[in-house]
Amino acid sequence: MSLRASDLARWWQFAPSGQVVIDEQGKILLANYTLRDWLSCSTSQLINQSASDLFTAESRMLYLGVLAYRLTEVGTVDEVHLNLRLGNDDALPVLCSAHRLGAEEPSLTLISMLPIGRKDQLERELLEARQAVQHALEEKNAVIAELETMRATLESHNSELQRLTMQLGHEANSDALTSLPNRRHFDLVLQERLALAAVAHSSDVFSVAILDIDHFKPVNDEHGHAVGDHVLQQLATLLSSQLRGQDIAARIGGEEFALLMPDTSIDEAVNALDRLRLAIEMYHWQPVPITASLGVTGYLPEDTSESLMARADDALYVAKHQGRNHVARG
């Protein structure tokens with residue numbers, strides 16, 4: 001028989017798995033009725049919502065650090081264990097899979113969520129065990145021992161899962177060489193700061209800078225990548241010691257670092273960064289001296305992360321054009 005498009009669309013709406021289609025920014029474009037019914041909300045409430053907001057706080061970190069990362073790298077992810085955020089602080093365990101739809105631009109992604117029935121199965125088994133204890137007192141000690149073993153095993157598995165979740169979250173947001181935050185983490189923090197600035201109606205003050213090591217390529221070429229890696233690690237340690245408590249430094253490229261300076265005007269940022277530049281110049285580098293150029297800009301109303309980083313990058317170009325080992329504002 002021939003299948004009509006309307007029939008296929010209806011089957012998709014009532015599929016046994018919850019399904020959404022998201023855009024490149026992770027925003028929901030389509031959601032089927034199954035997911036809508038699980039979440040007890042309307043379809044319109046889901047549209048344009050970030051897909052990561054569908055999950056609990058713990059699962060959101062796993063979604064961003066594992067599922068979204070793998071999707072970016074290979075275009076498909078199979079069976080990641082997450083928890084959907086329901087009303088009344090309830091959660092629905094699901095196996096989440098995602099696949100990029102075709103190679104056209106802009107790319108779309110289909111995410112499918114299948115409920116995990118194991119929790120209900122364990123609860124039924126526990127209830128049956130309690131009933132067995134009530135009807136057969138002679139088996140009481142054996143049943144209690146078995147339940148204690150199950151509890152210890154579940155606690156052990158839960159602790160291991162929490163450890164792995166924290167490890168994955170750290171690895172997904174940290175630079176392996178320097179242990180500083182990576183570009184992904186810096187972008188998330190910058191987006192949060194911009195969101196706060198929007199809520200504050202442009203009264204928030206902060207600055208963003210990009211630091212680049214001067215003439216770093218000859219260090220690798222003449223002394224080897226091991227020496228270059230050591231220089232990057234030393235610079236990361238120096239940045240951590242020089243920046244203030246709220247400041248964030250991240251490695252965003254080979255020899256490029258980004259800095260977010262909350263509650264800091266452009267003038268204050270220039271002064272602080274010039275002290276940092278001097279500290280880098282005066283540091284006892286081995287085997288060759290190192291300097292750095294920095295471009296800095298301050299937040300302006302209607303700024304986006306792209307516009308801020310672009311101005312800081314333009315300022316960095318000016319600093320290099322001025323002879324390097326300079327701080328330039330944008």
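A salt bridge, as the term is used here, is a side-chain nitrogen of Lys or Arg within 4 Å of a carboxyl oxygen of Asp or Glu. In this structure, which is a predicted model, Asp-53 and Arg-60 satisfy that criterion, with their closest N and O atoms 3.8 Å apart. Asp-53 is partly exposed, because its relative accessible area is 31% and the partly exposed class lies between the buried limit of under 20% and the exposed limit of over 50%. Arg-60, with a relative accessible area of 25%, is likewise classed as partly exposed. Side chains of opposite charge can pair when their charged atoms come close.

By the same rule the count comes to 13 salt bridges, and a few of the others can be followed in turn. Lys-217 is paired with Asp-221, the closest N and O atoms being 2.7 Å apart. These two residues stand four places apart in helix α8, so about one helical turn separates them. Lys-217 counts as exposed at 57% relative accessibility, and Asp-221 counts as exposed at 52%. Elsewhere, salt bridges with shared partners connect Asp-212, Asp-214 and Lys-320 into one network. A further salt bridge links Arg-311 to Asp-303, where the closest N and O atoms are 2.8 Å apart; here the acidic partner, Asp-303, is buried, with a relative accessible area of 12%.

Helix α11 spans residues 305–321 and contains Ser-305. This serine counts as buried because its relative accessibility is 10%, a value that falls under the 20% limit. Once residues up to four places away in sequence are set aside, Ser-305 touches Leu-190, Gln-191 and Leu-194.

From these charged and polar positions one can turn to the nonpolar interior. Which residues touch the most other members of the largest nonpolar core? Within this core of 29 residues, they are Leu-211, Leu-273, Leu-276 and Ile-280. Two or more residues of the core come from each of the strands β6 (206–213), β8 (256–262) and β9 (292–298), and from each of the helices α8 (216–223), α9 (225–242) and α10 (266–282). The surroundings of Leu-211 can be given in some detail: not counting residues up to four places away in sequence, its contacts include Leu-235, Leu-239, Phe-257, Leu-259, Leu-276, Ile-280 and Leu-294, and also Glu-255, Glu-256 and Ser-293. A second, separate core has 25 residues, among them Leu-39, Leu-54, Tyr-63 and Val-66.

The loop between β8 and α10 is the place of Thr-264. With a relative accessibility of 0%, Thr-264 counts as buried, and, leaving out residues up to four places away in sequence, its contacts are Val-205, Phe-206, Ser-207, Arg-244 and Ala-269.

Arg-329 is located in strand β10, which covers residues 327–329. Its relative accessible area of 49% makes Arg-329 partly exposed, because a residue must be over 50% to be called exposed. Apart from neighbours within four places in sequence, Arg-329 is in contact with Ile-266, Asp-267, Val-270, Val-296 and Ala-315. One of these contacts can be specified further, in that the side chains of Arg-329 and Asp-267 are joined by a polar contact of 2.9 Å. Measured against Leu-54, a member of the second core, Arg-329 lies 275 residues away in sequence and 40 Å away in space, C-alpha to C-alpha.

At the surface, a nonpolar patch is formed by Leu-29, Leu-30, Leu-101 and Leu-108, which together have about 300 Å² of accessible area. Leu-29 belongs to strand β2, residues 28–31, and counts as partly exposed because its relative accessibility is 33%. Val-74, by contrast, is placed in helix α4, residues 57–74, and at 58% relative accessibility it counts as exposed. Although Val-74 and Arg-100 are 26 residues apart along the chain, their C-alpha atoms are separated by 9.1 Å.

Technical notes. Residues numbered from 1 in each chain as written. Predicted model: local features only at pLDDT ≥ 70, side-chain atom pairs only at ≥ 80, totals over all residues. Heavy atoms only, no water. Patch = residues over 30% accessible without salt bridge, like charges linked within 9 Å, V, L, I, M, F, W, Y side chains within 5 Å. Areas by Shrake-Rupley, 256 points an atom, 1.4 Å probe, with all protein chains shown as cover. Buried < 20%, exposed > 50% of the residue type's maximum accessible area, 1.4 Å probe, protein only. Core = buried A, V, L, I, M, F, W, Y, C linked by side-chain atoms within 4.5 Å. Contact = heavy atoms within 4.5 Å. Polar contact = N/O pair within 3.5 Å; in protein donor to acceptor, adjacent residues only side chain to side chain.
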